[in-house]
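Got the viewer open? Let's take a walk through this one, a selection at a time.

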Amino acid sequence: MRAPFPTTITPTQTRIGWVGIGVMGSAMASRLLSAGYSVTVYARTPSKAAPLQSKGAHLAPSVADLARASDVVFTMLGHPSDVRQIVLENLVPSLNPNSVIIDHTSSHPTLAKQIYDSALERHCHSVDAPVSGGDIGARDGKLAILAGGDEDVVKWLKPLFDEMGRVTYVGGPGKGQHCKIANQITTGANLLGLSEGLVFAEKAGLDKLKFVEAVRGGAAGSMVMELFGDRMIKKDFKPGGFAEYMVKDLGMGVDVGEEERDEVMVLPGAALTKQLFASMVANGGGKLGTQGLISVIEKINGS
């Protein structure tokens with residue numbers, strides 16, 4: 001049974017809840033606060049909410065309290081296990097009828113479908129909407145938002161999505177997560193190619209900054225180069241997205257065929273990139289940014 005929408009989305013009427021205020025979540029929630037929305041946040045470590053509270057956010061004592069105080073709840077968590085515990089087991093059972101939950105976590109398509117079905121049973125809506133664009137995209141409101149669920153719900157939510165970036169409806173429940181996995185497969189390959197190109201350029205005696213400037217307007221140019229090229233050269237591995245999350249995302253890409261289809265997809269590039277990121281994590285770099293992949297290639301080459 002389809003639930004009716006809440007009232008038209010406006011800063012004066014729509015109460016926002018936000019769970020997950022790490023690098024990405026905090027920047028995204030800040031944009032909604034700047035747009036004038038009333039935002040309630042939950043943090044397992046309450047002190048982490050202080051920067052958002054200074055901008056006007058309210059702090060909820062529990063996930064259940066946040067759900068009851070919100071019309072639209074956003075989540076940006078770390079792993080599918082977090083999504084299962086916090087969203088499926090705690091948030092959804094506490095939602096007000098007719099409210100909406102939007103999960104921005106890069107999670108598993110099957111879990112997104114379970115959340116959708118569970119929300120529907122409570123006469124609520126669910127959208128799986130992972131994002132791409134990193135910390136810079138989150139800060140500047142230029143994220144690519146990949147939305148799965150009911151198309152009319154995604155259209156209704158557009159005023160909120162517009163504050164954070166550009167939303168694209170990609171299909172039914174779980175399709176947002178499928179799209180993000182495909183995005184990560186593509187991004188991982190770009191990060192690997194850029195890492196190897198920079199290492200090769202340096203070994204060949206080229207100035208790496210001049211190399212990037214020379215090729216960025218040609219076929220080798222990419223958003224990955226724009227976002228991470230200078231950071232790689234300067235050894236700035238501050239995270240926008242953690243390397244350990246790339247292992248998770250690529251793992252879902254490599255394994256999703258085994259769980260959802262009769263035939264297993266053969267993705268040799270994704271498997272290799274996952275292995276290289278796993279090496280980075282094993283060497284203590286799990287909390288570094290994904291651009292730190294270059295350190296693995298440098299180490300292989302004795303740099």
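Start by selecting E213, R216 and E226: these residues are linked in a network of salt bridges. Keep in mind throughout that you are looking at a predicted model. The whole structure holds 11 salt bridges, and we'll drop in on a few of them.

**Stop two: the two domains**

Zoom out and colour by domain. The domain assignment splits the chain into domain 1, residues 15–172, and domain 2, residues 178–301. If you place a marker at the C-alpha centre of each, the markers for domain 1 and domain 2 sit 27 Å apart.

Now show the residues where the domains touch: 19 residues of domain 1 are in contact with 17 residues of domain 2. Between them, domain 1 and domain 2 bury about 1500 Å², with carbon and sulfur atoms giving 59% of that area. Which three residues should you highlight on the domain 1 side? Pick S106, H108 and P109, which supply 29% of the area that domain 1 buries against domain 2, more than any other three residues.

**Stop three: polar links across the interface**

How many salt bridges are counted between domain 1 and domain 2? The count is one. For a salt bridge to put on screen, select R231 and D135, whose side chains meet with N to O at 3.2 Å. Switch on polar contacts next, and look for six residue pairs across the interface of domain 1 and domain 2, both partners in each pair being at pLDDT 80 or more.

Then turn to the secondary structure on the domain 1 side. Select α1 (23–34), α5 (109–121), β7 (131–132) and α6 (134–140): each supplies at least two residues to the side of domain 1 that touches domain 2. Of the contributors, α5 gives the most, with three residues. Colour that side of domain 1 by residue type and you get nine nonpolar, eight polar and two charged residues.

**Stop four: three more salt bridges**

Go to D65 and R68, where the side chains meet in a salt bridge at 2.9 Å, N to O. The two are three residues apart in helix α3 (residues 63–68), so about one helical turn separates D65 from R68. Turn on the surface here: D65 is partly exposed, with a relative accessible area of 30%, and R68 is partly exposed too, at 46%.

Next, select R139 and D140. Their salt bridge has its closest N and O atoms 2.9 Å apart. On the surface, R139 is exposed, with a relative accessible area of 53%, while D140 is partly exposed at 33%.

Then jump to E202 and K208, a salt bridge with an N to O distance of 3.6 Å. Is K208 buried or exposed? K208 is buried, with a relative accessible area of 14%, whereas its partner E202 is partly exposed at 39%.

**Last stop: T40**

Finish by centring the view on T40, in strand β2 (residues 38–42). Relative accessible area there is 12%, so T40 counts as buried, the cut-off being under 20%.

What surrounds T40, once you leave aside its neighbours within four places in sequence? Show I16, G17 and W18, then H58, L59 and A60, and finally L66: T40 is in contact with each of these.

Conventions:
Residues numbered from 1 in each chain as written. Predicted model: local features only at pLDDT ≥ 70, side-chain atom pairs only at ≥ 80, totals over all residues. Heavy atoms only, no water. Domains from an automatic or database assignment. Contact = heavy atoms within 4.5 Å. Buried area = accessible area lost by both parts, 1.4 Å probe. Salt bridge = Lys/Arg side-chain N within 4 Å of Asp/Glu carboxyl O. Polar contact = N/O pair within 3.5 Å; in protein donor to acceptor, adjacent residues only side chain to side chain. Helix = DSSP H or I, 4+ residues; strand = E, 2+ residues; numbered from the N terminus. Nonpolar A, V, L, I, M, F, W, Y, C, P; charged D, E, K, R; others polar. Buried < 20%, exposed > 50% of the residue type's maximum accessible area, 1.4 Å probe, protein only.
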